[in-house]
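The following exercises work through a sheet, the helices that pack on it, and the surroundings of a ligand. Each task is followed by a solution that proceeds in steps.

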Amino acid sequence: MTELHLWLRHEVRTTERRTPVVPADARRLVESGVTMTVEESPQRIFPVEEYEKAGCRVAKAGSWVSAPGAVVVVGLKELPDEPAELRHRHVFFGHAYKGQPGAGALLRRFAAGGGALYDVEYLVDEDGRRLAAFGFWAGYLGAALAVLQHRGRLDAPLVPTVKEELDALLRGDGDFTALVIGALGRSGRGACEAFRVAGVEPTRWDLAETRELDRPALLAHDVMVNAVLATTPIPPFLRDEDLDNPDRKLRTLCDVTCDVGSPLNVLPIYDRTTDWTDPARRLSEQPPLDLIAIDNLPSLLPRESSTDFSAALLPQLLGFGSGGAWTRCLARFEQARAEVGIEEGEFRRD
Ligand SMILES: NC(=O)c1ccc[n+]([C@@H]2O[C@H](COP(=O)([O-])OP(=O)(O)OC[C@H]3O[C@@H](n4cnc5c(N)ncnc54)[C@H](O)[C@@H]3O)[C@@H](O)[C@H]2O)c1
């Protein structure tokens, strides 16, 4: 078996402070015989020196592009626009299998270079359960921001924080009603927990409660967090006409799912996400409705979310390439490539 060489890349998005592998887990990988290269990265929450102390090699930010073909590049979010041909195996969230904007272009880059995407969103056990996910903290942050916005206490721009400081801002008493949809999932559980810290016991809906959607009941809540993981198109939870409904109590909406632009979107009432600079956008004036739809929520608690994610990813990385989970992950990539009509490429791992 060839020796595994993991290459932890710098994230191009300047607000992305998280990492999929924290220094303590990098040490475990090195001790297990994995060669680990870590790119310098000014914004990563853990300084590169901590990785160096853990036995990792250090490389310049973005230097993975000229790394040997056998290297497995590990990251979280989008790749830079160059190179046009991707020749490595990449582990990250590609957001390329649900018809999202740019999905076809990314898959074509892989096909052009003969590389492969091991999308962490599709790294699942035999029952289809995700093995490593940021969901809990996404939901926690989504609900927390919704609470602060609803109470008129959301300061912009958002900056990364730690849980103790966030919780101190959140604490309060049951001054409004809240609904979490997708409440049984990771994000949903995180959202419910943040509402609990804020002193609000939310209504919890999951698949059973939305099969026959009670939209008047939905609109009767003050705050709503959408945290579903949609896998097939379903009727939307909110439509444009609901925004004009004078009986609507709903004032603050946080879409953790952020499937905007995808055919699976359950909230087709907005066309672009919000961000750390302008976290909330008014969607409707009469009655008012504010939207929060930030697609990198866990980055606001980079240390906590990285540590949890890395702990879940570590056992998978130790067995990279072998076993059912990685096989399923690669098969999903090949299926996506076939769906967009791309011929199978040759893998180059020289
Ligand atoms: N905004 C962000 O920063 C961010 C970060 C991480 C994850 N996410 C997204 O959040 C979503 C949820 O992720 P997760 O890890 O919590 O997933 P999950 O699989 O743990 O939970 C999803 C839940 O949604 C429920 N569900 C699915 N369809 C539903 C429906 N029609 N009605 C009601 N409930 C339904 C499922 O039963 C499940 O309980 C995903 O789309 C994910 O990509 C966003």
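Axes are lines fitted to C-alpha atoms, for helices over the stretch in contact, and angles run from 0 to 180 degrees between N-to-C directions. The model is a predicted one.

**Exercise 1.** Describe how α4 and α6 are placed against each other, and state which residues make their contact.

*Solution.* Two packed helices are described by the angle between their axes and the distance between the axes. For this pair, the axes of α4 and α6 come within 6 Å and cross at roughly 40°. Angles under 35 degrees count as roughly parallel and those from 65 to 115 as roughly perpendicular, and α4 and α6 are therefore oblique to each other. The hand of the crossing of α4 and α6 is right-handed. On the α4 side the contact is made by G135, F136, W137, A138, G139, Y140, G142, A143, A144 and V147, while α6 brings R186, S187, G188, R189, G190, A191, E193, A194 and F195. Sorted by class, the residues of this contact are ten nonpolar, six polar and three charged.

**Exercise 2.** Apply the same procedure to α1 and α10.

*Solution.* The axes of α1, residues 23–31, and α10, residues 302–318, come within 10 Å and cross at roughly 15°. Helices α1 and α10 are therefore roughly parallel to each other, and their crossing is right-handed. The contact is made by D25, R28 and L29 of α1, together with S310, A311, L314, L317 and L318 of α10. In terms of class, the contact of α1 with α10 has five nonpolar, one polar and two charged residues.

**Exercise 3.** Lay out the six-stranded sheet, explain which strands stand at its edges, and place α4 and α6 on the strands.

*Solution.* The sheet is open, its six strands follow the order β8-β7-β9-β10-β12-β11, and the pairing is mixed. Since β8 (203–205) and β11 (280–285) each have a single partner strand, they stand at the edges, so one side of each is left without a neighbour in the sheet. Neighbouring strands are turned by 20° against each other on average, with direction ignored. At the β11 edge, β11 pairs with β12, residues 288–292, in the antiparallel sense over five bridges, and these two strands form a hairpin with two residues between them. Within this pairing, S284 has L289 of β12 as its bridge partner. Turning to the helices, α4 lies across β9, β10, β11 and β12 and runs at about 160° to β10, whereas α6 lies across β7, β8 and β9 and runs at about 165° to β7.

**Exercise 4.** Which residues are closest to the ligand, and which helix gives the most to the shell around the ligand?

*Solution.* The ligand is surrounded by 28 residues, of which the closest are G135, A138, G182, G185 and S187. Helices α4 (135–150), α6 (186–197) and α7 (207–210) each supply at least two residues of this shell, and α6 gives the most, with three residues. A final step sorts the shell by class, giving 17 nonpolar, eight polar and three charged residues. Among the closest residues, G135 and A138 also belong to the α4 side of the contact with α6, as S187 does to the α6 side.

How values were computed
Residues are numbered from 1 along each chain as its sequence is written. This is a predicted model: local features need pLDDT of at least 70, side-chain atom pairs count only at pLDDT 80 or more; totals for chains, interfaces and linings use all residues. A residue is near a molecule or strand if its C-beta atom, placed from the backbone, lies within 6 Å of it. Helices (H or I, at least four residues) and strands (E, at least two) are DSSP runs, numbered from the N terminus. Ala, Val, Leu, Ile, Met, Phe, Trp, Tyr, Cys and Pro count as nonpolar, Asp, Glu, Lys and Arg as charged, and the others, Gly among them, as polar. Angles under 35 degrees count as roughly parallel, over 145 as roughly antiparallel, 65 to 115 as roughly perpendicular and the rest as oblique. A crossing is left-handed if the near helix is turned anticlockwise from the far one by less than a right angle, and right-handed if clockwise. Two residues are in contact if their C-beta atoms, placed from the backbone, lie within 7 Å. Two strands pair if DSSP finds at least two bridges between them.
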